[in-house]
Amino acid sequence: KSQTIRTTLTFNPLSFLSTVVDFGQKWTMSAGKSRPKSTTSIRNTFNLYKGLELSHSRDQEDNQGEVQAGGTILEANYFKTLDNINLKLTLPEDNAILSSIVFSLSYKMMGFDNRLAGQDVQDTYAQLLSFEGSLNF
């Protein structure tokens, strides 16, 4: 037996700012015990200047052992976060072959907290800094 609620809110409070918030909650029952899972996602995009965009996203998952399809019980209890900060510059090209040049600088962070007894050695924190450039034809 399971029950799911999901809601999304999108708004643009300013002409240069866009925000999307997504929340989901799932409850599954197994042997009379509730196993909730919640997900939250927040995305903000700032158009700083023509062709220059700054964005931040944060995703969270709190999973206390949801029941999988087929009735399999996932023995889990963890909290996971993902953060991404991205600066993107798009340079349009007035060219028959090349339409734009795009540069992107990203910083990503991930955290994983395993709450099962004796499993804290699986706790993880990672970071990634990347720079990308692309030619769009």
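This briefing describes the strand pairing and one aromatic contact in the structure shown above. The model is predicted. Its strands include an open sheet of 7 members in the order β1-β2-β3-β4-β5-β6-β7, with antiparallel pairing. The edge strands of this sheet are β1 and β7, each of which pairs on one side only, and the twist from one strand to the next averages 10°.

**The N-terminal strands**

- Strand β1, which covers residues 2-14, is joined by 11 bridges to strand β2, which covers residues 17-30, and the two run antiparallel.
- The connection between β1 and β2 is a hairpin with 2 residues between the strands, and within this pairing L9 has V21 in β2 as its bridge partner.
- On to the next pair, β2 is joined by 14 bridges to strand β3, which spans residues 33-49, again in an antiparallel arrangement.
- A hairpin with 2 residues between the strands also links β2 and β3, and in its turn A31 has a positive phi of about 55°.
- Across the pairing of β2 with β3, S18 stands opposite T45 in β3.

**The C-terminal strands**

- Strand β5 (residues 78-92) and strand β6 (residues 100-114) run antiparallel and are joined by 15 bridges.
- Two positions illustrate the register of β5 against β6: N84 stands opposite K108 in β6, while the bridge partner of L89 in β6 is F103.
- Strand β6 is in turn joined by 13 bridges to strand β7, which comprises residues 124-136, and these two strands are likewise antiparallel.
- In the pairing of β6 with β7, M110 stands opposite A126 in β7.

**Aromatic pairs**

- A search of the whole structure finds 2 aromatic pairs, one of which is formed by F103 and F131, whose ring centres lie 6.1 Å apart with their planes at 15°.
- The pair of F103 and F131 counts as stacked because the angle of 15° between the planes falls under the limit of 30 degrees.
- This contact links distant parts of the chain, since F103 belongs to strand β6 and F131 to strand β7, with the two residues 28 residues apart.
- F103, which is also the bridge partner of L89, is partly exposed, with a relative accessible area of 32%.
- F131 has a relative accessible area of 60% and is therefore classed as exposed, a class that begins over 50%.

Key: Residues are numbered from 1 along each chain as its sequence is written. This is a predicted model: local features need pLDDT of at least 70, side-chain atom pairs count only at pLDDT 80 or more; totals for chains, interfaces and linings use all residues. Side-chain values use heavy atoms; hydrogens and water are left out. Two strands pair if DSSP finds at least two bridges between them. Helices (H or I, at least four residues) and strands (E, at least two) are DSSP runs, numbered from the N terminus. Axes are lines fitted to C-alpha atoms, for helices over the stretch in contact, and angles run from 0 to 180 degrees between N-to-C directions. Rings of Phe, Tyr and Trp (its six-membered ring) pair if their centres lie within 6.5 Å; planes under 30 degrees apart count as stacked, over 60 as edge-to-face and the rest as tilted. Buried means under 20% relative accessible area, exposed over 50%, partly exposed in between (1.4 Å probe, protein chains only).
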